[in-house]
Structures are given as structure tokens and as C-alpha cells.
Amino acid sequence: MDPTRLTLVEQTRLFKSGELGAVELVEAHLARIDRLDDALGAFLAVDADAALACARALDARRAAGEALGRLAGAVIAVKDQIVTRGLVTTAGSKILAGWVPPYDATAVARLRQADAIVIGKTNQDELGMGSSTELSAFKPAKNPWDLARVPGGSSGGSAVAVAAHLAAAALGTDTGGSIRQPASFCGLVGVKPTYGRVSRHGAIAYASSLDQIGPLTRSVADAALVLEAIAGQDPHDQTSLPMPAPGLTAIGPHVDLGGLRVGVPDEYLGDGVAPDVRERVRHALARLSDEGATVVPISLPHTRYAVATYYLVATAEASSNLARFDGIRYGHRAAAPADLAELFSKTRAEGFGPEVKRRIMLGTFALSSGYYDAYYLQAQKVRTLIRRDFDQAFAAVDLIAGPTSPVTAWPHGERTSDPLSMYLADIFTVPASLAGLPALSLPVGRDAHGLPVGLQLVAPPLQEVRLLQIAHGLETLLGRESCPFGAEVAA
Amino acid sequence: MDEPTSTSAATAIDVAHVARLARLALSPDELARLQADLGRILGYVDELRALDTADVPAMSHPLPFSSPYRPDEAGAALPRETALAGAAANDGEAFIVPKVV
């Protein structure tokens with residue numbers, strides 16, 4: 001048996017039962033990374049020594065009959081946006097090249113407390129800004145379903161690592177779709193929790209009112225297990241919510257979908273959606289109907305304003321958050337500046353890539369004197385309108401469904417020269433981000449090119465359990481599909 | 001590069017001024033490219049300005065929870081050498097910056 005073909009739930013079960021060793025699990029994943037990752041570009045750093053040391057300690061604890069955490073034996077990769085103590089963390093940016101954080105993000109600390117094994121840091125668009133993982137300062141990542149295509153982004157390396165079985169699960173961060181869209185492009189489950197559900201402490205801030213950490217996995221049950229481990233209030237994040245982590249592992253194999261009301265926004269299946277994507281989404285909705293769910297047409301009329309709203313709010317917050325990269329406390333520092341102002345401006349000009357500069361400039365403009373009311377404040381008001389759309393919809397339906405992305409994975413280079421076309425690819429993921437709602441992408445088949453299509457499900461605030469239960473029911477109906485890339489490489 | 005279609009601030013954006021505010025030392029080429037890119041992007045986001053939001057409050061937080069305060073007590077902090085370890089210039093006591101005054 002090749003342990004890398006197992007789901008995370010299976011890996012932890014077999015580890016705890018003594019059928020599989022932690023060292024065996026880690027070595028199998030390291031061997032795949034060694035063989036395959038040059039072609040994929042999923043990882044920016046692999047921590048083989050620490051992962052093996054952690055595995056040996058786990059094997060010893062199991063042999064001694066000690067209690068083991070809920071993720072014991074699970075091999076998990078972490079997006080480079082999320083800081084890891086003692087392991088180089090760059091967020092895909094030259095401005096942090098070589099930086100070794102002195103602390104763990106809360107989500108990473110909770111993974112370790114649950115006895116997960118952190119195997120490495122995954123590639124991403126620089127500082128979370130991009131939808132293709134081509135904007136990494138170090139290397140692009142490739143989609144394992146078709147290496148000529150992008151894996152989505154910004155958590156593209158996390159998606160590639162899990163889809164290609166280089167890790168059982170990965171953490172990503174999602175500001176406007178950066179977990180859900182790469183999950184969709186790579187045929188994975190990706191969850192953006194309710195804003196505040198998971199501590200942002202140690203997630204390098206992009207847009208603080210939108211950023212959330214969440215899992216990318218090969219099954220809904222895997223996502224539930226990881227989310228349960230990382231969720232919950234944290235004194236280090238004032239916006240983390242004061243309620244206990246949801247008991248997600250209670251999600252059973254049999255889910256009754258009868259009576260479920262699923263809202264499908266007219267705006268989400270319009271002309272801009274690729275026909276194959278529309279067809280797969282309709283097929284998934286039909287399966288829900290077969291099980292007794294009611295599919296209800298609804299309207300989210302402010303959807304068309306969501307991308308514009310998002311790119312003003314997110315860039316404004318980014319321009320403020322990224323002020324911390326000034327060459328003084330960590331990261332790149334320009335040589336021989338004439339004075340302090342030049343140290344700042346040269347360090348930042350040398351350290352940031354073109355997309356990051358573009359967004360800092362847009363955000364700085366939106367907050368600048370004379371334009372604040374017309375751009376930033378207006379965007380925050382439209383954000384209220386977008387949230388009200390959802391509130392009204394949820395009065396009549398339990399859940400909202402539609403495509404995660406209007407298209408499947410596009411060829412490398414297709415959108416890099418046109419930032420606006422890249423931004424518009426986020427049209428279906430940014431509304432839930434702006435409204436702070438939990439949302440999930442579930443694989444629902446493939447298009448004519450064989451590329452995965454994702455269905456996005458959006459739930460009311462804090463209803464992650466319901467969201468995952470329904471996704472689990474649908475996953476059971478549709479079946480799971482494994483990416484064949486590298487299947488010939490046996491452990 | 002297409003010109004923005006609106007006659008808003010998009011056409012008038014002073015990218016050199018914004019770059020100074022953002023503490024970015026950009027080359028003339030970069031400024032020219034950003035002038036065009038930001039013009040197009042602002043032309044697109046200008047559609048927001050047509051919405052009537054006179055009676056709509058700005059959203060400051062997506063969920064109605066107030067931020068709690070922790071007790072005002074000193075907690076664990078990083079040791080000095082750890083906090084300084086990531087700095088390109090430090091003297092073991094403090095971060096080093098160019099002379100300010």
C-alpha cells in the first residue's frame with residue numbers, strides 16, 4: 001500500500017491503530033516530493049529533518065501507549081503566508097527571502113498540538129496577491145492535472161501539494177478566494193471559514209478584514225478534521241470569535257438532504273460562465289434535487305459590484321498592512337541609503353514584485369486625501385449592500401450554490417499581462433469574503449479538457465458544520481476522483 | 001493601453017505623489033506602467049460611484065461581535081536577541097537605522 005494515496009482521515013486511523021508508522025508516512029511523502037516537485041513547484045521549503053524527528057517522536061509515543069492528538073500521523077503542508085517557527089517563511093516574496101520566524105502562527109501551533117507533522121511551506125502568489133501562483137517571486141507552480149496550466153492562487157502550492165499527493169492536507173489563506181479557487185482548479189475541497197473562526201495570528205496580513213486560514217484536502221471529512229483542529233478563539237487575534245471550535249468530526253457518512261433549500265443566484269450561471277462549468281454545476285444541483293433538496297432561483301443583485309468593492313477594500317488594507325516591510329526589523333534591506341526615507345522606499349521597491357506594487361499603489365490612492373470618500377468609504381458601503389443581499393437570500397434558503405470560478409484552470413501566461421482580467425476571475429469568490437461568510441469549494445467533475453470544476457457552497461455565518469455535512473452528502477453522491485499525476489511513482 | 005472610459009480621478013491620478021505616500025522608489029518605466037494600469041483599474045471600479053449609498057452604513061466588521069480586551073497584564077515576550085535576529089542591521093541591543101536627527 002502506498003500511504004500517500006490515503007486520505008488524511010485514513011492516515012491518522014491507520015497510524016493510531018498501529019498499521020502504519022509515522023516515519024513511514026513522512027518518508028513516503030518526502031520521496032514523492034523529491035521525485036515530483038521539480039516539475040510542480042509546490043514547495044518553497046521542505047523541512048525533512050524536522051518532519052522525520054516529529055515522526056520518530058510520534059512513533060515512540062504510540063509505542064509507549066501515550067494519548068495521541070486527532071491529527072496524529074497526518075502529513076500537512078503550510079502555505080508560506082503562514083509563519084512557522086524555525087522554518088523559513090517568505091509569503092512568496094523577495095522582501096522576506098530567508099526570514100526565519102521566531103514563532104508559530106496559532107493555526108500551525110494547533111496543528112502541532114494535534115500531533116500533525118508539518119512537512120514544508122508551499123508556493124504562492126506573492127503576499128497572497130494573485131489567482132494563478134505565477135506571481136510567486138521564486139517560481140511558478142504547475143497544475144498536476146495539466147502542467148501547462150495554472151493551479152489557481154494564491155494558495156496554489158498548497159493545492160498542488162495535496163492534489164499530487166505530496167501532503168495529505170495543506171493550510172491556505174483566503175482573502176478573496178485564495179483557498180477556494182485553487183481547490184477548484186486542482187480538484188480539491190477547500191474551505192474558507194467564517195471570518196473570525198480561525199485565528200489570523202501569524203498569517204502575514206494582506207487584508208485584515210477579509211483574511212482567513214483554512215484547509216485544502218482531498219475529502220470533505222479531511223477538511224472537517226483539520227478545521228476542527230485549527231478553529232477557536234485566540235487571545236492573539238482580537239477578531240477571533242468567542243465560541244468554541246465546531247465539532248466537525250461528528251459529520252456522519254449518511255446525510256439527509258431532503259428538505260434542504262439550495263439557492264442558486266441567477267448572477268452565478270450567466271453568460272460569463274464557461275459552458276462545461278455551468279453543466280457540471282447543474283448536474284451537481286440535479287443530484288441534490290434527486291435526494292429531495294429544493295433548488296431555488298435567487299438573486300444577489302450586487303454581485304456585479306463585488307470585484308470592484310473587493311479590489312478597493314483589499315488594496316487599501318494591504319497598503320496599510322504592508323507598511324511593516326520597511327527593511328528594519330526583518331527581511332530585505334536596501335544597501336547604502338542616504339537617509340531613513342530612502343531606506344524605506346528603496347527597500348520596498350527592491351523587495352516587492354510588480355503586482356504587489358500595483359495593489360499598494362491602488363490602495364494608497366484609495367485612502368489618500370481627497371479620494372477616500374469616493375473610493376474607500378464608498379466601497380465599504382457597497383460591502384454592506386453585498387452583505388444585505390446574502391442576509392435576504394438566507395431568509396429563504398439554507399445554502400447558496402454556484403460555480404467557484406467561471407472558468408477552469410487557464411494556460412500559464414494567459415492572464416499575467418492583464419491584471420484586470422486576473423481580478424475578474426475572482427467574481428464568485430469575493431462576495432462571501434466581503435460578507436464574512438463560510439464558503440467551500442467541492443469538486444463536481446471535469447470539463448472537456450479533463451480539468452476539475454468546483455462547486456461553491458456558501459452558508460450563513462458560523463454554519464460550518466451544516467456546510468460540511470451537505471458537502472459530505474454531495475461528495476458521497478458524486479464520488480471522489482484522484483489526480484493521476486505521478487501515480488506511477490510508488491512509495 | 002486603453003484610456004479609462006470615465007472622466008473621474010482615474011485620468012488625473014498623480015502616480016509619483018502616490019508612490020511617495022506609499023514609500024516606493026519607482027523607476028520612470030514603472031510609473032508609466034502604473035499610470036496606465038491604475039487608470040484602467042480605476043475606470044473599472046468607478047462603477048461603484050454610481051450606486052446610491054446615501055443611507056447605507058459603511059461596513060467595518062462582517063460580524064456583530066465586539067472585540068474583547070484581555071486583562072492588562074504583561075505577557076510573555078520574545079527575548080531581545082530573538083526579536084533582533086531577523087534584522088539586517090542591529091547591534092545586539094537595538095535595530096540600527098540611518099541617522100534621523
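Where is the place of A:Val75 in chain A? I looked this up first. A:Val75 sits in strand 2 of chain A.

**Ground rules**

I am working with a predicted model, in which local features need pLDDT of at least 70, side-chain atom pairs count only at pLDDT 80 or more, and totals for chains, interfaces and linings use all residues. Residues are numbered from 1 along each chain as its sequence is written, chains are lettered from A and ligands numbered from 1 in the order in which they are written, and side-chain values use heavy atoms, with hydrogens and water left out.

Helices (H or I, at least four residues) and strands (E, at least two) are DSSP runs, numbered from the N terminus.

**Entry: A:Val75**

I checked the burial of A:Val75. Its relative accessible area is 0%, so A:Val75 is buried. Buried means under 20% relative accessible area, exposed over 50%, and partly exposed in between (1.4 Å probe, protein chains only). I then listed contacts, meaning heavy atoms within 4.5 Å. Not counting residues up to four places away in sequence, A:Val75 touches, among others, A:Gln11, A:Leu25, A:His29, A:Ile117 and A:Ala168. I also took a C-alpha distance: A:Val75 and A:Val118 are 43 residues apart along the chain and 6.2 Å apart in space.

**Entry: A:Ile230**

I went on to helix 7 (residues 220-230) of chain A, where A:Ile230 is found. A:Ile230 is buried, again with a relative accessible area of 0%. Leaving aside neighbours within four places in sequence, its contacts include A:Ala107, A:Arg110, A:Leu171 and A:Val198. The C-alpha atoms of A:Ile230 and A:Ala107 are separated by 5.0 Å, with their positions 123 residues apart along the chain.

**Entry: backbone angles**

Which residue does a cis peptide bond join to A:Gly153? The partner is A:Ser154, and omega is about 10 degrees. A:Ser154 lies in the loop between strand 3 (117-122) and helix 5 (156-163) of chain A.

I found A:Leu127 in the loop between strand 3 and helix 5 too. A:Leu127 is not a glycine, yet its phi is positive, about 55 degrees. A:Leu127 is buried, at a relative accessible area of 1%.

A:Leu462 also has a positive phi, near 70 degrees, and is a residue other than glycine. Its place is the loop between strand 11 and helix 15 of chain A. Is A:Leu462 buried or partly exposed? Its relative accessibility is 25%, so A:Leu462 counts as partly exposed.

**Entry: A:Pro460**

The loop between strand 11 (452-458) and helix 15 (464-478) of chain A holds A:Pro460. At 13% relative accessibility, A:Pro460 counts as buried. Leaving aside neighbours within four places in sequence, I find A:Pro460 in contact with A:Phe394, A:Asp398, A:Leu437 and A:Pro438. From A:Pro460 to A:Ile400, 60 residues apart along the chain, the C-alpha distance is 9.0 Å.

**Entry: aromatic pairs**

How many aromatic pairs does a search of the whole structure find? The search finds 12 over all chains. Rings of Phe, Tyr and Trp (its six-membered ring) pair if their centres lie within 6.5 Å; planes under 30 degrees apart count as stacked, over 60 as edge-to-face and the rest as tilted.

I looked at A:Trp99 and A:Tyr330. Their ring centres are 5.7 Å apart and the planes stand at 50 degrees, so this pair is tilted. A:Trp99 is in the loop between strand 2 (75-79) and helix 4 (106-113) and A:Tyr330 in the loop between helix 9 (306-321) and helix 10 (340-351), all in chain A, so the pair ties together parts 231 residues apart in sequence. A:Trp99 is buried, with a relative accessible area of 11%.

The rings of A:Tyr310 and A:Tyr311 have centres 4.8 Å apart and planes at 85 degrees, so that pair is edge-to-face. Both of these tyrosines are buried. I also noted one aromatic cluster, formed by A:Trp99, A:Phe325, A:Tyr330 and A:Phe352.

**Entry: chain B**

Chain B has 4 helices and 0 strands. Its elements run α-α-α-α from the N terminus on. Of its 101 residues, 34% count as buried. Among contacts in chain B between residues at least 6 apart in sequence, 41% join residues at least 24 apart.
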